[in-house]
Every structure is written in structure tokens, then in C-alpha cells.
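Please open the model in a viewer and keep the selection panel at hand. The tour proceeds from open space to the elements around it.

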Amino acid sequence: MTLHLGVALDGYGWHTRAWALTAERRSVLSGRYWADLAVTAERGLLDFLTIDDTLMPQIGRSSRIHPDRLTGRGDAVLTAARIAPATRHIGLIPVATVTHTEPFHISKSIATLDYVSHGRAGWQPRVSGTTHEAALFGRRTVNPEELFDEARDYVDVVRRLWDSWEDGAVIRDVATGRYIDRDKLHYIDFVGKFFSVKGPSITPRPPQGQPVVAVLAHSTPVYEFAADTADVVFITPTDTSIASLVQEVRGIGEHLKVFADIVVSFHGQDDFRSDTLVWAGSPAELVDMLLGWQRCGIDGSRLRPAVHATDLPVIVDEVVPLLQRAAQFRSEYRDAETLRERLGLPVAPNRYTAAAR
């Protein structure tokens, strides 16, 4: 089994002063800036890219605005939709927050992304538990003990809405004057503690049926959330030992595709704190470590460039060729391959089709 490889993008990079460490002068609100990053990542045949997002204008969730850090971000889902027509193969997984937002809106935006990308969409749900983030909306405070219970229901609603149209519901039968087969649209009638959603969605079932759901997880409760809701989990090792971490995650969610998150800094910019390992070695040393982690059970890795402009090209032009020489990475994309297919995920059946028959 070859290694899967994705890249995580945010601002000018994951170093807190990436904006000052790059010659890139275009704004992070520029569509061309993001499209060029995606084209570079696709040149490296990467499985997918993720686009980070939070309810705060800076990396992290501090209530304080730091004057020395990049401030201001666009919406990750809309950015992914801008990237889609500039690429043909790479998967697109934006972050979208589940706290303070509505599952109906996220379901249709990710479904739309799956359509405009021809089956390459995913979604990384994120919770928001701080009071200053809640104050941005002014509607309610958040009980931290209920964050992931609410998030479970949220993802469940989104997935049900994706299934609320059967495949083939749009028939365009001119002879009978019917555009849709009404019997293939379903109310989801979800009623729970946090949401009451009737459905159906306004967007037909996505091309993948179920776009890929990925969760970033740092601890056991979040591994459990990932096991209940997701297809992919991003784990965050803080040193080069990973075997016990993989074993714990596999014990909780055997079906999950496990990716190890690593910040990579190939030009010495490693003087910052991170929620995961910051790698400052050579590309060859990184590949050796990844292949060792693969033997410990990871399915792949999501690399976070410390500085996009300098570290993403090294991933594409040095790390990927080394993996290819080790016969552990693809040499080309398969035409018309969906993101689910690329990651080896099963075909997603529609929960309402069987019930309606």
C-alpha cells in the first residue's frame, strides 16, 4: 500500500510570521494566490489540500489580536470553490465551523463544491468553544461539555441532507413534463437536542454521495468524535514516536484513514510553537520518517508548510520524487477519480433509498 500525502494551507504558511518570511506580496484574499498554490500542489500529485478557517481573523483562538501576525482571512469553502476550476485532480477539503452555524447551509455549500470540482470535495468540521468567539454572534454562550455532542448531531444532519435526494432524482422528462421524480426526494425529519431539520436539501445528492469528512484530533474525546462522524482523522504527534498514538486511534475508529500532521520547515524557520511536530530536517530525512510511520500504521501524512512560498515547492519537487523512488507514491493521477476513490473509501450508499423501496 502506497502512502497518501496531503498538504494543509493557511495564510502565507503555518509559521506565525510567515508573512514576513516570504517575498510573496499578493494578498491572502486573492483568488489567484490560492489557485497558484493549488496548481503547485497538484503538480506534486498530492491526494488533497485542506484550507484552514476559524471564527477568528488570526491563526489560533486567542481573543487578542497580535499586531505582528497575519490578520484577516477569506471563507475557506468559497476559496475552495475558486480553486476548483483551476485544478483537475487534487482533492479540496475546506474547514467549516459547526458551532454557531447551521448544518443546512454547510450541507449545500459542500455539496455545491463537490459538483463544481467533479467529485473532489471534502469537509473538515471544527468546533468553537470560546466566549469571545460566541460574542461575535451574540446569540448564545456555549457549554464546553456539549460541544462535541452538538457537533455529532451537526455532522449527522449534514450527511442526512446529502442523502435527501436519491441519485437520479433529476429526470428531465419532457414527454411527461416532469423535471424531478418526487418519490426520490426525502424529508430527513431530524429532531434532536440541538437541531430540528426537516429537509430535504435544496442541492441534489453530491457526485460522491458523501463528500469526505475529515477531523483534526488531539485527544481521545476527539478521536471518538472522528470515529463517530468522519472518514479521515488528522492526528498530531509531538515527537518522532507515533506507534502508540496510531494504536490508540485504530482501537477507537478502525475504519478511519489515519493521517499524521507535520509542520515542515525546510529553510530553518522552526522557531515557533505548534500543536504538532515541527520538522526542520532534510526532505530525505522526512521521507525516512514517514515510511517508518507508515510501517506503524498511518495511511498518510498531511504536511503543513511553515512558509508556503518556500516549503510547498520542496514538498512537490523533492519529497514527492523521493517517495516515488521508494515506490511509495503515485506517478500520475487517474482520470475522473473522486476523492473517496483515491483514499480507498467505500461507495457511500444512500440511507433513504433502501427505506423507500
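On a 1 Å grid over the protein atoms alone, a pocket is an open set of points where a 1.4 Å probe fits, with protein on both sides within 12 Å along at least five of seven lines; lining residues have an atom within 4 Å of a point. This is a predicted model, in which local features need pLDDT of at least 70 and side-chain atom pairs count only at pLDDT 80 or more, while totals for chains, interfaces and linings use all residues. Residues are numbered from 1 along each chain as its sequence is written, and side-chain values use heavy atoms, without hydrogens and water.

Select G60, R126, L216, H218 and D275 first: of the 29 residues lining the largest pocket, these lie nearest its centre. Two or more lining residues come from each of β4 (122-126), β9 (212-217), α6 (220-229) and β13 (300-305), where helices (H or I, at least four residues) and strands (E, at least two) are DSSP runs numbered from the N terminus.

Keep α6 selected and add α7 (residues 243-252): the two helices pack at about 45°, with axes 9 Å apart. Axes are lines fitted to C-alpha atoms over the stretch in contact, and angles run from 0 to 180 degrees between N-to-C directions. α6 and α7 are therefore oblique to each other (neither under 35, over 145 nor 65 to 115 degrees).

Finally, select M1, T2, H4, R330 and R342, which lie nearest the centre of the second largest pocket, among its 18 lining residues.
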